[in-house]
Amino acid sequence: KEEQISEDKVNINIFVEEGRTISADVALGYDFGSDFSITLKLNESNLFGTGIGTSIAVEKGRYNESIDFSIVEPYLYGRDIALISSTGYYNVYNPNLNTYKSRSYYQSFRGIYSISEYLKHSVGYSIKYDTLNILDPDEFLLTNPIVFEQEGNFTTSSIYHALTYDKRDNRGMPSSGYLLQFSQSFAGIGGNVNYLSNELLAEQYFTTFGVD
């Protein structure tokens, strides 16, 4: 709305009405040997008008179940710093494919900030509790000796960092550009699992065919 305040000056008042901030996704899947599963995900991109995003995803199948709850603060104190927290659980047991039960709980925190227009750095911490129970040791030892050796309870406490150079045209559905990422994680800050992991990721996107 324009408001004339003098002969050569005009105030422009803009009235904004917020659109819907809640969305829901439903997916039905099928895995040979694991039967059907259904996934429900709810997203809120502006919790109580704070700009904080939240999501909860629940998956239920005949032999598996999982739940994940995430909170995202995209601009901490008005700065280009994002904080992400994820809490989850998943349980797997399929007597048609294996003779063990696996259950995990996890909590992670991650911060992301920009170094330049295309370069970002992320740091984080996660803790994970895993339980693996062998139901039939004699039969299982003959088929999967590697997994058999990992029976028990494990706590993985790890720190993480990554450098990401992203020149894709679209982060959600890229069709051109590339992404480079180098990440490291170290487990051994408490818990009973120890490792050092180094990963290098390279992605190149291009259009194979299109319609003008």
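## A tour from Asp166 to the strand pairs

Select Arg168 and Asp166: their side chains meet in a salt bridge, 2.8 Å from N to O. Keep in mind throughout that this is a predicted model.

**Stop 1: around Asp166**

Stay on Asp166. The same side-chain pair, Asp166 with Arg168, also counts as a polar contact at 2.8 Å. Now add Arg171 to the selection. Asp166, Arg168 and Arg171 are linked in a network of salt bridges.

Is Asp166 buried or exposed? Its relative accessibility is 13%, so Asp166 counts as buried, because the cut-off for buried is under 20%. Colour strand S10, residues 152-166, and you will find Asp166 in it.

Next, show what surrounds Asp166. Which residues does Asp166 contact, once neighbours within four places in sequence are set aside? They are Tyr118, Arg171, Tyr178 and Leu179. Arg171 is thus in the contact list and in the salt-bridge network.

**Stop 2: the tyrosines beside it**

Two of those contacts lead onward. Select Tyr118, Tyr165 and Tyr178 together. These three form one aromatic cluster. Tyr118 and Tyr178 are also contacts of Asp166.

Keep Tyr118 on screen and add Lys167. What lies over the face of Tyr118? Lys167 does, at 4.7 Å from the ring centre.

There is another lysine over a ring to visit. Select Lys101 and Tyr93. The charged end of Lys101 sits over the Tyr93 ring, 5.2 Å from the centre.

**Stop 3: aromatic pairs across S7 and S8**

How many aromatic pairs are there? The count comes to 5. Go to Tyr89 and Tyr105. This pair is tilted, with 5.0 Å between the ring centres and 35° between the planes. Tyr89 belongs to strand S7 (residues 81-92) and Tyr105 to strand S8 (residues 100-114), so the pair ties together parts 16 residues apart in sequence.

Check the accessibility of each partner. Tyr89 has 17% relative accessibility and so counts as buried. Tyr105, at 41%, counts as partly exposed.

Now step along to Tyr90 and Tyr106. They make a tilted aromatic pair too, at 6.4 Å centre to centre and 50° between the planes. This pair also links distant parts of the chain: Tyr90 is in S7, Tyr106 is in S8, and 16 residues separate them. Tyr90 is partly exposed, with a relative accessible area of 29%. Tyr106 counts as partly exposed at 24%.

**Stop 4: the strands themselves**

Switch to a cartoon view and colour S7 and S8. How do S7 and S8 run, parallel or antiparallel? They run antiparallel, joined by 12 bridges. For a marker, pick Leu83, which stands opposite Gly111 in S8.

Add strand S9, residues 119-134. S8 and S9 pair in the antiparallel sense over 15 bridges. Here, pick Ser108: it stands opposite Ser126 in S9. Then trace the chain from S8 to S9. The two strands form a hairpin, with 4 residues between them.

**Stop 5: other salt bridges**

How many salt bridges does the structure hold? It holds 5. One of them is the Arg168 and Asp166 bridge from the start of the tour.

Stay with S9 for the next stop and select Asp130 and Lys128. Asp130 forms a salt bridge with Lys128, and the closest N and O atoms are 3.8 Å apart. Lys128 counts as partly exposed at 28% relative accessibility.

Jump to Glu65 and Lys60. Their side chains meet in a salt bridge of 3.1 Å, N to O. Glu65 counts as partly exposed at 26%. Lys60 counts as partly exposed at 46%.

**Stop 6: Asp35**

Finish on another aspartate. Select Asp35, which lies in strand S4, residues 35-44. Its relative accessible area is 25%, so Asp35 is partly exposed. Compare Asp166, which counts as buried at 13%.

Which residues touch Asp35, apart from neighbours within four places in sequence? Gly29, Tyr30 and Arg62 are in contact with Asp35.

For a last distance, draw a line from the C-alpha of Asp35 to that of Ile22. The two residues are 13 apart along the chain, and their C-alpha atoms are separated by 30 Å.

Note on methods. Residues numbered from 1 in each chain as written. Predicted model: local features only at pLDDT ≥ 70, side-chain atom pairs only at ≥ 80, totals over all residues. Heavy atoms only, no water. Buried < 20%, exposed > 50% of the residue type's maximum accessible area, 1.4 Å probe, protein only. Polar contact = N/O pair within 3.5 Å; in protein donor to acceptor, adjacent residues only side chain to side chain. Contact = heavy atoms within 4.5 Å. Phe/Tyr/Trp six-rings, centres within 6.5 Å; stacked < 30°, edge-to-face > 60°. Lys NZ or Arg CZ within 6 Å of the ring centre and 35° of its normal. Salt bridge = Lys/Arg side-chain N within 4 Å of Asp/Glu carboxyl O. Pairing = 2+ DSSP bridges.
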